[in-house]
Structure formats: C-alpha cells, structure tokens
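Reader: I am new to this structure and would like a close look at a single part of it, the salt bridges. Please take me through them with care.

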Amino acid sequence: MKEVTMELTNVHKKIGKKEIIKGVNFSINKGEVFGFIGPNGAGKTTTIRMMVGLMNITEGDIKILGNSIKSNFHQAIKEVGAIVENPEMYAFMTGRQNLNHYARMNQDVTKDRVEEVIQLVGLEKAINEKVGKYSLGMRQRLGIAQALLHKPSILILDEPTNGLDPAGIREIRKYIRSLAENDGVSVIISSHLLSEIELMCDRIGVIQHGEIVKIQSLHESDEDAAGIVVSFEVDQAEQAKQLLMNELEADVQVRDHFVSVMLEKEKIPSVNKLLVDSNISVYQIQTTKETLEDQFFDLMGANTIE
Ligand SMILES: Nc1ncnc2c1ncn2[C@@H]1O[C@H](COP(=O)(O)OP(=O)(O)OP(=O)(O)O)[C@@H](O)[C@H]1O
Ligand SMILES: [Mg+2]
C-alpha cells in the first residue's frame, strides 16, 4: 500500500456566485513528485491556496497525514512547506538573515538546519548578500530554502521555475527529485512548462475549468504508455490514409509521404501488412512517443486559455 501524504476529497470553492473549483479529488503519495497542470485560470492556484490554508474550503476537505486542514489546522499545516506566488522576503536583509528570521519563529529549526537548506538549494555564494540585490532565480531558491526549513512532509510549489534560466531549472529539478527520492518528501508542483513537468514528475493531474480531467503516471514502461505515434513512409499517402481511417477508425495525419497514426506497438506488423496487401509500398516505419505537451493539447484542444 502506498502511503498517502495529502488527500483532497470533493473539494469545492465558490467565490461569490462563481464556482471556481468543482469537486476535486486526488491524493499525493509519500516521496512522489506530482505535477499539477492546466491552462491559465483553470484553478491551480486556487486549489493550492486551499491546501496551504490561505483560503477557506467551501465544501469537501483536505487532509495532510490524516489531519484535516479544516478541523485540525495546526497539526496539518506543520507538515506543509510552500511557495505560493512570490515568496515574501525582506529586501534590506541578507538571505541568511531572512532564513534566520523565519527560523526564530519556529522552535524546531536549528542553526544547522539553516546551513543545510542553504547548501541544498545552492545559495552558499549569495547568502550574505542583501535580498534586494538578488536575481529572480536566487529569490526562488531562497523561497524554497525557507519552505524547507521546518522539514515538511509535503512541499507545495506554485510555478517554482518561473523566471529561472535553463541551468537554474535543471538544478531545481535535481534537488526536487532528490528530496522526493532520498528524503521521502512529497512534492506538488504547478507549472506551465510541460517538458519540465515531464522530466521531473512521477504523476500528473490535469485541471480544467475547476475539474480534474486526468490523472496519469509518467515514465511507465512503453507498453503502458498512452500510445506511440507510428509514421509509415508510403508511395500513396492519401490512399493509405483512407485505408487506415476505415480499418482502424483512428485519426490519421498525412505529411508529404508519411501517414501517422497512434498505435500500440503490437499492432505495427498487422497495419504494415494491411498497407502492403493493398498494394501500397512501405519504405520505412518510424515511431515516436507522444510528449506530454502533445497529450495536453489533445486533451485541451488548441485554445487553452479560458
Ligand atoms: N479572489 C478571486 N475572486 C474571484 N475570482 C477569482 C479569485 N481568484 C481566482 N479567481 C478566478 O478563479 C479562476 C481560477 O484561477 P486560478 O488563479 O486558480 O487559476 P490558475 O490555474 O492558477 O491559472 P494560472 O495558470 O494563470 O496561474 C479564474 O477564473 C480566476 O479568475
Ligand atoms: Mg496560478
């Protein structure tokens, strides 16, 4: 049995007359990195604000290590570290002074822990500079360091790689993976960078119009993957397209001499035979795995902004 760190049950949020979150259910397992994706205005930040107690839950509940954020707030929230929107930092203090300031507010955080998180996010060089002089990336790292100070069981990050350069993104990805794998921390991360999410996450949840439309594991073996795109190079592309559409009842794309269709691997030989038996010459067969971005657009349609 997987150990559940956080569980959302039938979570609704109404603001005024508008229902923004419409009965969301999912859970995050121990040591898992969960990607929370969806178009602008879908409800990611609103859901996250409820998870961290910045907003009331209209209906339903969120439990963290079994403690309800509604009825057992203090027990629940002490297991949460989060960055929602921009982390609040004092610009006139150094990075270290900011961390020490937070550490003083929490009895469980030792001086050693402050040094540990500084190293963890790779801020050793800049830690004695004033935060006012920090770049966006340095500020993000300091924010994550602060969120980790009290050793939370779950780390919640809303758009943590926003504004980071590729090297910064790569580093954040590395230590988020390490936090999950080596320290058993659960991480929920919202982002628009689907290629990043694909590299970093074990599972994703897709939200649209305030509803979860898909929950999916990533990096499972190819047989379990959503599908592979198979392209056949043929002499008569249009004829091949008609044939495959009729026989497979699938969506078939044509580009130059290539016809492409989503297939399971086991079906490739029979589809090839079908083409050849219909006197269509096949010159080559290529396979590509559908990326998360492709799947996302298949799911959302091209017009993804509310
Ligand atoms: N305080 C509020 N009052 C009224 N409506 C709100 C409020 N906060 C958010 N909304 C609405 O709720 C919906 C979801 O917003 P939310 O910020 O959760 O989306 P998001 O998924 O985080 O989007 P983005 O990708 O742009 O960050 C939007 O339609 C937004 O206009
Ligand atoms: Mg948001």
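Reader: To begin with one partner, does E181 count as buried or exposed?

Author: In this predicted model, E181 counts as exposed, with a relative accessibility of 54%, because the cut-off for that class is over 50%. Its side chain meets that of R177 in a salt bridge, with 2.8 Å from N to O, and R177, in contrast to its exposed partner, is buried at a relative accessible area of 18%. Both residues lie in helix 6, which spans residues 166–183, and because they are 4 residues apart there, about one helical turn separates them. Salt bridges with shared partners bring D202 together with R177 and E181 in one network.

A second pair, R96 and E115, also forms a salt bridge, at 2.8 Å from N to O. R96 belongs to helix 3 (residues 95–104) and E115 to helix 4 (residues 111–120), so that the pair, 19 residues apart, links distant parts of the chain. R96 is partly exposed, with a relative accessible area of 23%, and E115 is likewise partly exposed, at 36%.

The salt bridge between R203 and E32, whose closest N and O atoms are 2.8 Å apart, also links distant parts of the chain, with the two positions 171 residues apart. R203 sits in strand 9 (residues 203–208), while E32 is found in the loop between strand 2 (18–29) and strand 3 (33–37); both residues are buried. The pairs described here are among the 10 salt bridges counted in the model.

Note on methods. Residues numbered from 1 in each chain as written. Chains lettered and ligands numbered in written order. Predicted model: local features only at pLDDT ≥ 70, side-chain atom pairs only at ≥ 80, totals over all residues. Heavy atoms only, no water. Salt bridge = Lys/Arg side-chain N within 4 Å of Asp/Glu carboxyl O. Buried < 20%, exposed > 50% of the residue type's maximum accessible area, 1.4 Å probe, protein only.
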